[in-house]
Amino acid sequence: MTETQVTDSLVFLATCPKGIELLLADELAELGGEPGKTTVAGVHFRASLESAYRICLWSRLANRVVLCLVREEGVETPEQLRHAVAAVDWRAHLGPGGSLAVDFHGRSEAIRHTRFGAQTVKDGVVERLFAEGRPRPDVDLRHPDLRLYANLHRGRLTLGVDFSGDSLHRRGYRRDVGHAPLKENLAAALLVRAGWPEQARQGTPLVDPLCGAGTLLIEAALIAADIAPNLARERFGFHGWAGHDERLWRELRREAEARASIGRKRCRSRLFGFDESPPALAAARANAMRAGIPALIEFHGASLDRLERPVGVSDEARGLLITNPPYGERLGELPELVTLYGQLGERARAVFPGWQLAVFTANPDLGHRIGLRAHKHYSLKNGPLDARLLLMAIPEADEGQAGTEPVPRPRLSKGAQMFANRLEKNRKRLRKWLKQSGESCYRLYDADMPEYALAIDVYGTRVHVQEYAPPKTIDADQAQRRLFDALTVLPEVLGADPAAIVVKRRERQSGKGQYQKQAASGERFEVREGRARLWVNLRDYLDTGLFLDHRPVRRMLGEMAAGKRFLNLFCYTGTATVQAALGAQSEGTEAAGGASDSVSVDLSNTYLEWARDNFALNGLDPSRHRVVRDDCLRWLETAQAQFDLIFLDPPTFSNSKRMEATLDVQRDHGRLVRLAMARLAPGGTLVFSNNQRRFQLDADLAEFYAVEDISKRTFDPDFQRRPALHHCFLIRHREAS
């Protein structure tokens, strides 16, 4: 018998998710341990071997339980690390012929890689065994007999035998995890913080209205039925440890099995999970089956806005409503989530008056949209994310009010109401023009109120929201709240589905930012502009494929293009070429013919493919309407053809790697215009446009060419608030005198 076995009290470290260390210390004490120092994501404790086994089997909160062999200060170099490891009598822990694996965490100035640290620990073990005449142990990274845990932080080494083996949060029931699942031990911690263990003893009902893969419900059922969370685990780390007591372990396991059998029968709480995703519900049911508690949980398909009190739960019953809704890690997810959190509050008040609501979220500002005040909140980590558990008391229903009747929504803030009023005012102002023009894509709002710094564009039934990055003088939390105000208001004012609202942040671009992919949804749809049918994509790029402010310019090109040879430089998605090729159509008249042929030039393969798709959508002949991938400056310098109508709309700035040099429209427009004019046939017109707010046309151009500034005529009513948004000039050759 080894020294470790005869010692009544052994030293251990239990690790856990950050933020639940105190809960873990309490749990260790309940399971027979003696908690000591608490560290970040861990608790040191003493325990007998029996209590250590019990903790591995019953801990709902720990990640790992480590039998500490070395706790030493001043370990910085590989030599010091190897020497500290070699000081351990490894014969007491690793049996003859046993295999080994090392999990190394941390670093020092001399030990900068975990693989090197693990190798050094293994070398220390081998050194000691070799000195005692034992053979070198095999390394088995997947299924070792003995797994060592080593942590080096600020010169402090903690080294020990990993009693848990695989992390204890992996209960074994969850193979179908769904989207972004909670780890099992974090879910258990949320339930403990919400007071579920005591409520379960009283037979309280529990509901998760957004249950996903069912982790919260399954952990709640294991607690309610007194089932050890790791009872289904076949092997722990201590099974390969030389000091393992198999008889003691079997006794503890038999005890846990007996408690589980009794607990399933005596469980008084009813648990219910709702989700609108059939795959998520299928995964949840399969997980519950593997956990051995399928009879304790009822799963139902239902969206949050249709959540009702489960059948069999009386109006007088009071229970726990707990959920882990999506957080909106990407800005584009926020419109649906603002609505979802609002619906959660509405349905909670309407259906579950008097219950307790527990919401775990990494976005507390979304939590405010629930409309209930949190009387407690706990800061936790969900992986790398800072998150909070919000505990809220759902108010009792007013006397005489049925629990399922709708309740009034929380009142909008004063600012949100003013924003809603401005949207209504703008809709009223544009209504007549929209009816006359037939336009379905237009700008509704453009930072009309400085504190709501948004650009809001309507694309048929969809809405594109761009948030201008707030200056550093504006509090980021305040800006976030105002954005959420706006996203709360938009669905109601516009009658839009929250899923059809897309949010992006518009910041100063470095030149190619607007062309860089921001998502990969591939979600494009068709819109109409005049006679043209065009593809737009609201999600995947900063811009949508259709610059709405240039609508009058495209319309003008269609009017000017009949029978002409058309050149589109910096063509983007080819929308101007489509309008020029289709030609104009005045109300009540036959459509005029469009351009006889065209060339569209751009450097982006992505946008040229988009242009081809736009051409195909409108039935344009690709033999007459060509696209060319090239740097426009380089192409102009070598081109020979002449054109009757040229559209030149360069970006404000570009530093694409495929260009020979950077492009600055203020600095370089003179050269661009001269090169374009060299390709313009006598009697032709160059339409030069750009979006540089403070643009000044090179005065020399007016000496050589006939230049007309038509900027003021190129804004439809939806863009007349921002007259400097773009500049537009007609440039022609001067007639010979």
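This is a conversation between two people about how terms are applied to one predicted model.

Modeller: Before we start, residues are numbered from 1 along each chain as its sequence is written, and side-chain values use heavy atoms, with hydrogens and water left out. Since this is a predicted model, local features need pLDDT of at least 70 and side-chain atom pairs count only at pLDDT 80 or more, while totals for chains, interfaces and linings use all residues.

Colleague: How do you know that Cys56 is too far from the closest cysteine sulfur for a bond?

Modeller: A disulfide is a covalent bond between the sulfur atoms of two cysteines. The rule used here asks for a pair of cysteine sulfur atoms within 2.5 Å, whereas the sulfur of Cys56 is 13 Å from the closest one, in Cys68, and therefore too far for a bond. Cys211 is likewise in no disulfide, as the nearest cysteine sulfur, that of Cys267, is 17 Å away. By this rule the count comes to 0 disulfides.

Colleague: Why is Cys56 called buried?

Modeller: Buried means under 20% relative accessible area, exposed means over 50%, and partly exposed is in between, using a 1.4 Å probe and protein chains only. Cys56 has 0% relative accessibility and so counts as buried, and Cys211, at 6%, counts as buried too.

Colleague: What makes Ala616 exposed, and where is its place?

Modeller: Ala616 has a relative accessible area of 57%, and is therefore called exposed. Its place is in helix α17, residues 605-617, where helices (H or I, at least four residues) and strands (E, at least two) are DSSP runs, numbered from the N terminus. The C-alpha atoms of Ala616 and Arg533 are separated by 9.8 Å, although these residues are 83 apart along the chain.

Colleague: Which class, buried or partly exposed, fits Ala41, and which fits Asp226?

Modeller: Ala41, in the loop between β2 and β3, has a relative accessible area of 18% and so is buried. Asp226, in the loop between α8 and α9, has 27% relative accessibility and so counts as partly exposed. Ala41 has a positive phi of about 65° although it is not a glycine, and Asp226, not a glycine either, has a positive phi of about 55°.

Colleague: Why do β2 and β6 count as edges of their sheet?

Modeller: Strands of a sheet pair through backbone hydrogen bonds, either parallel or antiparallel. Here two strands pair if DSSP finds at least two bridges between them. The open sheet has 8 strands in the order β2-β3-β1-β4-β8-β7-β5-β6, with mixed pairing. β2 and β6 each have a single partner strand, so one side of each is left without a neighbour in the sheet. Within this sheet, β4 (residues 64-72) and β8 (residues 156-162) run antiparallel and are joined by 6 bridges, with Cys68 standing opposite Gly160 in β8.

Colleague: How do you know what the buried residues of α2 pack against?

Modeller: Contact means heavy atoms within 4.5 Å. The buried residues of α2 (residues 21-30), among them Leu23, Leu24 and Leu28, pack against β1, β2, β3, α3 and α6. Helix α2 lies across β1, β2 and β3, running at about 15° to β3, where axes are lines fitted to C-alpha atoms, for helices over the stretch in contact, and angles run from 0 to 180 degrees between N-to-C directions. Just after α2, Gly32 takes a positive phi of about 105°.

Colleague: What makes an empty space a cavity, and how many are counted?

Modeller: Rolling a probe the size of a water molecule over the atoms shows where empty space is left. On a 1 Å grid over the protein atoms alone, a cavity is a set of points where a 1.4 Å probe fits but cannot get out, and lining residues have an atom within 4 Å of a point. Grid points are joined across faces, edges and corners, and a volume is the space filled by probe spheres set on the points. The count comes to 1 cavity of 30 Å³ or more, and about 80 Å³ of space lies in the largest cavity. Its lining has 13 residues, of which Arg429, Arg443, Asp446, Asp718 and Arg721 lie nearest its centre. Strand β16 gives the most to this lining, with 4 residues.

How values were computed
1 Å grid on protein atoms, 1.4 Å probe; cavity = no way out; pocket = protein on both sides within 12 Å on 5 of 7 lines; lining within 4 Å.
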